[in-house]
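Hi everyone, thanks for coming. I'd like to walk you through a structure that may be new to you, so please have a look at it with me.

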Amino acid sequence: MHVRPRYIVDRSAYSIPDFDEEYQKKVRSYPHAQKAKKFFSCSTTRLKALLIQFFPIIAWLPKYNIKRSLIFDIISGISAGTIQVPQGMAFALLASLPPVNGLYSSFYPLLIYFFLGSIHHMVPGTFAVLSIIVGTVVQAEAPIEKFQHFNESLNETVTDVGAMNEYRMRIAGTVTCLTAVIQICLGFVQFGFISIYLSESFIRGFMTAAGIQILISVLKYIFGLNIHAYSGPLAIIYTFIDICKHLPKTNVASLIFAIITGVLLFIVKEINVRFKHKLPFAIPMETIVVIVTTAISGGARLPQKFGIDVVGEIPLGLPPPEAPLVNLWGDMVGPAFSLAIVGYVINLAVGRTISSRHTYTVSANQEMLALGFGNFFGSFFRIHVICCALSVTLAIEGGGGSSQFASLCVAIVVLVVLLALGTYLEPLPKAVLGALIAVNLKNTLLQVTDPYYLWKKSKLDCCVWIVSFLSAFLLGLPYGVAVGVGFSALVVVFQTQFRNGHLVAQIGASDIYRNPKIYDKAKEISGIKIITYCSPLYFANVEFFRKKVIKKSGFDPVKVLLAKKKYLKAVKKEEQEIDARRPSNLCTKQVSLQELVKEVEAETAMDCNNNSVDEAPRISYITVNTPNGVHEGTPKPPTDLENLEDPIKLAHPIIDIHTLVLDMSGVCFVDLMGIKVLGKMCSNYKKIGVTIYLAGIRDQVYEDIESGGMFDEGGLERSCLFLSVHDAVLYALARMSENRQDAAKEKVSGAAAVYINEDTSSDENDNDQDLEQVMFGTMFGHSVGDHTIL
């Protein structure tokens, strides 16, 4: 039998002021001037730290083991470079750019990342999602119709492909430059934390939508069709409809190339995954397919015979630098911001996954800067936006690469193609590149089943996935980012705004409190209600919190207070009628209030929930006159009214609880609106004889309500704050025990007469208040009325 360990704690019950005093709480200060001075200070040590942070190569290069690591970096780099070349050319097609643009994008950013990157295995390059976003910008700014003209000699409309490609590459460089500026600015202001606001559900839904868009976009290359390019919302739907309409015009030769290529790529990729521990390096099937299909296509002159759409001329050499078209930035801000955030998040997600396997850390802000400067440098050579080249990066890791030297080897392979081998790729069919893209989408497309599993685990996360997917797929990827992030934020607000507070009760005689609806042995303590609430308390949910406390406590203090005052008015009216009928030769006598106003009590003996009160009547006394000589021994009523109990607390309806404990252990912060409402609630409950205790309050929350002025305005006393729920319960029970002892002593010495002195001026003042002042004028000042709307 398993024996559970036991613990016995013998300590005093503490309120927070008592605990702070006994254990000498320190007053913490936050010297902002010293922090600013330290931040802007300059020293040799600080300069060295900044240089290492900005240039990570200074940290890892001196520690690099040439004998152990260099050979693996070279082999894995060359192998990955053979993947980078065809993948870059393929993804350039997604961006509606010539294939050579993919080679430029796979070369220039790697030079900058070698010095600035903090992820050792990372290889920057083209990424399908970013390419398709760039494609929407390119098609919007440089539509094909802009470069078409009617040729009279041929009697047909022709397209100036050279001019179109040249201008589109300038557009790509322009949007890349703007994206880089955004990333650099975000990096310098330490905005790398923005990645935490993009949940996994959002990213997976967005990536799945992007994957389907990419698949639809490459179908025109696989089937060899000439499809009009669309942009804006529902563009992918129109593209898919056009592809279906043009299927009878399929180029059979292109389709055969695509099918054979796709099948071979799929089989070899599965072999690479299944036998990755046995293979010295992954089989570079992409390169093999490109070489073989290029040789077949060019040797058999298939483009001329069957009209296959091919890559075309790839200019040798490196392009001269060219300034971006800054005047077009105004039309590109939205897509550029989406590119900056999505590219950074993808890069950081892959980097953190890889770094966790190899036990080194990744600097989020440094990655933002590395991507930004890589894109900025490459934008002058007309690249399009890059981030992590996923397949190439995984090839580096699988091949044993361990540093940026591997990515440098990838850049060398791309450079060799640009300088010498590019001209041999002219007859490469675009259908082969389309098949290469489609096969690489396998894992992304499998995520379409995510909602099935998410619905079982978290319905809200499932909703985030669905909204992100539909918005990105139907509205386009730039709009999808905005809608998905906005909906994710709304889900967070929803979760904090509508958290379900509940009552808790004591388990046996322990200090454990649980929901009595769940635990049968949880019993409520007589006269005490304990309510727990697990959410921040701020403007968006403070009204919900107030209603939840009222519901769980069983009554609304404002309505109970009004009912008590109504009861006292009826009693006073009855007393005045008795005084008007009595003879002049009367003396003082005490009689019970219930004997005088049975009719009033019969009408008002209801609790705040309109339920009849079955308990024994509670006797309160008023002073009336009796004839001279009768009851001469009756003591005179006391004249010290300050020692008398508030008659409102004794009036009907009688409240059967004396203490309301709010478990604040789940509240992580409180804003000014929450402080105001919390203080007003404490004040309203106090007026009807119910004391509110706050239990388990966090240090930061305590500082918030203290600086917010709750204690200064008198809504709550510091002595009503306790370390735990059990401390608050023990204090409440001790206080009630003392009150009963005092009541017993008074009963022995003789019942004191209670004078009902109702002040109706407060009601009149409430009615005369300015509603605007009540609702909006008291947030930073003192309360102006007893019945301010909570």
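Let me begin with a question: is proline 17 buried, partly exposed or exposed? Proline 17 has a relative accessible area of 25%, so it counts as partly exposed. Please keep in mind that what we are looking at is a predicted model.

Let's stay with that residue for a moment. Proline 17 sits in helix 1, which covers residues 16-22. Now look for phenylalanine 722: along the sequence, 705 residues separate it from proline 17, yet in space the two are 8.3 Å apart, C-alpha to C-alpha. Leaving aside residues up to four places away in sequence, proline 17 touches Arg718, Ser719 and Leu721.

A little further along we come to glutamine 24, in the loop between helix 1 and helix 2 (32-39). With a relative accessibility of 66%, glutamine 24 counts as exposed. Its backbone is worth a glance too. Most residues other than glycine have a negative phi. Glutamine 24, however, has a positive phi, near 55 degrees.

Leucine 234 is another case of a positive phi in a residue other than glycine, here near 65 degrees. You will find leucine 234 in the loop between helix 10 (200-222) and helix 11 (235-245). Leucine 234 is partly exposed, at 34% relative accessibility.

Now for another proline. Proline 109 belongs to helix 7, residues 108-116. Is proline 109 buried or exposed? Its relative accessibility is 1%, and buried means under 20%, so proline 109 counts as buried. Which residues does proline 109 touch, not counting residues up to four places away in sequence? They are Tyr104, Gly374, Ile383 and Ile386. Of these, take isoleucine 383: it lies 274 residues from proline 109 in sequence, while the C-alpha atoms of the two are 8.9 Å apart in space.

Glutamine 87 is next, in helix 5 (residues 66-94). Glutamine 87 is buried, with a relative accessible area of 3%. Among the residues that glutamine 87 touches, not counting those up to four places away in sequence, are Thr126, Ala389, Leu436 and Asn440.

Let's turn to the surface. There is a nonpolar patch here with about 910 Å² of accessible area together, and its members include Ile259, Phe266, Ile271, Phe275, Ile288 and Ile296. Which helix gives the most to the patch? Helix 12 does, with 5 residues. Helix 12 (252-274) and helix 13 (285-299) each supply at least two residues. Isoleucine 271, a member of the patch, is found in helix 12. Its relative accessible area is 33%, so isoleucine 271 is partly exposed.

I'd like to finish with helix 13. This helix has 15 residues and spans 21 Å from its first C-alpha to its last, close to the 21 Å expected at 1.5 Å a residue. Besides supplying residues to the surface patch, helix 13 has buried residues, including Met285, Glu286, Val289, Thr293 and Ser297. What covers those buried residues? The cover includes helix 5, helix 12, helix 14 (302-306) and helix 19 (430-440). Helix 5 is also where we met glutamine 87. Just after helix 13, arginine 301 takes a positive phi of about 50 degrees.

That's my tour, and I'm happy to go back to any of these places with you.

Notes:
Residues numbered from 1 in each chain as written. Predicted model: local features only at pLDDT ≥ 70, side-chain atom pairs only at ≥ 80, totals over all residues. Heavy atoms only, no water. Helix = DSSP H or I, 4+ residues; strand = E, 2+ residues; numbered from the N terminus. Buried < 20%, exposed > 50% of the residue type's maximum accessible area, 1.4 Å probe, protein only. Contact = heavy atoms within 4.5 Å. Patch = residues over 30% accessible without salt bridge, like charges linked within 9 Å, V, L, I, M, F, W, Y side chains within 5 Å. Areas by Shrake-Rupley, 256 points an atom, 1.4 Å probe, with all protein chains shown as cover. Salt bridge = Lys/Arg side-chain N within 4 Å of Asp/Glu carboxyl O. Expected span 1.5 Å × (residues − 1).
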